[in-house]
Amino acid sequence: MLASPDLDALLARCQRREPAAQRALYARYAARMLGVARRYATCLAEAEDILQDAFVKVFTHLRDFRAEGSLEGWIRRVVVTTAINHWQSGKLRRRCQAEPEQLPEPAVAAAALDRLNVAEVLALIEQLPDGCKMILLLYAVDGYSHSEISELLGIQESTSKAQLSKARKQLQTLYQQQNTFLRL
């Protein structure tokens, strides 16, 4: 991790639009932010598009970073906002034409049947309708409040709460169906 003076110097160089500094900042945060973008996208290619657009915004608006919080938190918010913009514009509503991503096969050991791994949870979330998925991720994973979600998505706060409830119920149903399938 860069020390604060090193990070400040890197940010100053990025503000002067030095390509080497921009590459260094991108290299530092891209992997983590791709994970954030991937949660909102339907496939890896869409997540990469979100990440690319988000970093263009980061470099364009770097002067707006006030250092009141962490730089990583600010970049994460830019990535989430970019994912929301893609979703609202319909860019995330299209399904990838390429081969679906391969998920690991469910483990057959008895202990593994009692717990879901991260890939299995993400696979279940992918099966949710887009609106439910978006609100579940914003609320449960990224920690936005219902009032923040309603502002970000331009919906009523009650709609956010209803969609979250619907998402939880659907996840429970999907989980039960998976467990039934695995017991067969």
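Is Lys 166 buried, partly exposed or exposed? Begin the tour by selecting Lys 166, which is partly exposed in this predicted model, with a relative accessible area of 39%. Lys 166 has its place in helix H9, which covers residues 157–183. With Lys 166 still selected, add Cys 132, which is 34 residues away in sequence, although the two C-alpha atoms are 6.9 Å apart in space.

**The whole chain**

Now clear the selection and show the whole protein as a cartoon, where nine helices and zero strands are found. Followed from the N terminus on, the elements run α-α-α-α-α-α-α-α-α. If you colour the protein by burial, buried residues make up 35% of its 184 residues. Switching to a surface, you see about 11000 Å² exposed by the protein, of which carbon and sulfur atoms supply 54%. Among the contacts with a separation of 6 or more, 66% are accounted for by residues that stand 24 or more positions apart.

**Helices H1 and H2**

Select next helix H1, residues 4–15, together with helix H2, residues 19–40. Two packed helices are described by the angle between their axes and the distance between the axes. Here the axes of H1 and H2 come within 8 Å and cross at roughly 125°, and the two helices are therefore oblique to each other. The crossing in which H1 passes H2 is left-handed. To see what makes the contact, show side chains for Leu 10, Leu 11, Arg 13 and Cys 14 on the H1 side, and for Ala 20, Ala 21, Gln 22, Ala 24 and Leu 25 on the H2 side.

**The loop between H1 and H2**

Move to the loop that joins these helices and pick Arg 16, which is found there. Arg 16 is exposed, its relative accessible area being 55%. A distance drawn from the C-alpha atom of Arg 16 to that of Phe 59 comes to 9.9 Å, for residues that are 43 residues apart along the chain.

Arg 17 is found in the loop between H1 and H2 as well. What is the phi of Arg 17 near? The angle is near 60°, a positive value in a residue other than glycine. For comparison, most residues other than glycine have a negative phi. Arg 17 counts as exposed, at 51% relative accessibility.

**The aromatic rings**

How many aromatic pairs does the structure hold? There are three aromatic pairs. A pair of aromatic rings is described by the distance of the centres and the angle of the planes.

Select Tyr 26 and Phe 55 to see an edge-to-face pair, with 4.8 Å from centre to centre and 70° between the planes. Because Tyr 26 lies in helix H2 and Phe 55 in helix H3, residues 44–60, this pair ties together parts that are 29 residues apart in sequence. The two partners can be coloured by accessibility: Tyr 26 is partly exposed, with a relative accessible area of 33%, whereas Phe 55 counts as buried, at 3% relative accessibility.

Extend the selection to Phe 59, and you have a cluster in which ring pairs link Tyr 26, Phe 55 and Phe 59. Phe 59 has already appeared on this tour, as the residue whose C-alpha atom is separated by 9.9 Å from that of Arg 16.

Then go to Phe 65 and Trp 74, whose ring centres are 5.5 Å apart and whose planes stand at 50°, so that this pair is tilted. Of these partners, Phe 65 counts as buried, at 16% relative accessibility.

**Glu 46 in helix H3**

For the last stop, return to helix H3 and select Glu 46, which has its place in that helix. Is Glu 46 buried or exposed? Glu 46 is buried, with a relative accessible area of 2%. Add His 86 to the view: Glu 46 and His 86 are 40 residues apart in sequence, and from C-alpha to C-alpha they are 9.2 Å apart in space.

Methods:
Residues numbered from 1 in each chain as written. Predicted model: local features only at pLDDT ≥ 70, side-chain atom pairs only at ≥ 80, totals over all residues. Heavy atoms only, no water. Phe/Tyr/Trp six-rings, centres within 6.5 Å; stacked < 30°, edge-to-face > 60°. Helix = DSSP H or I, 4+ residues; strand = E, 2+ residues; numbered from the N terminus. Buried < 20%, exposed > 50% of the residue type's maximum accessible area, 1.4 Å probe, protein only. Contact = heavy atoms within 4.5 Å. Areas by Shrake-Rupley, 256 points an atom, 1.4 Å probe, with all protein chains shown as cover. Axes fitted to C-alpha atoms, helices over the stretch in contact; angles between N-to-C directions. Parallel < 35°, antiparallel > 145°, perpendicular 65-115°, else oblique. Left-handed = near helix turned anticlockwise from the far one by under 90°.
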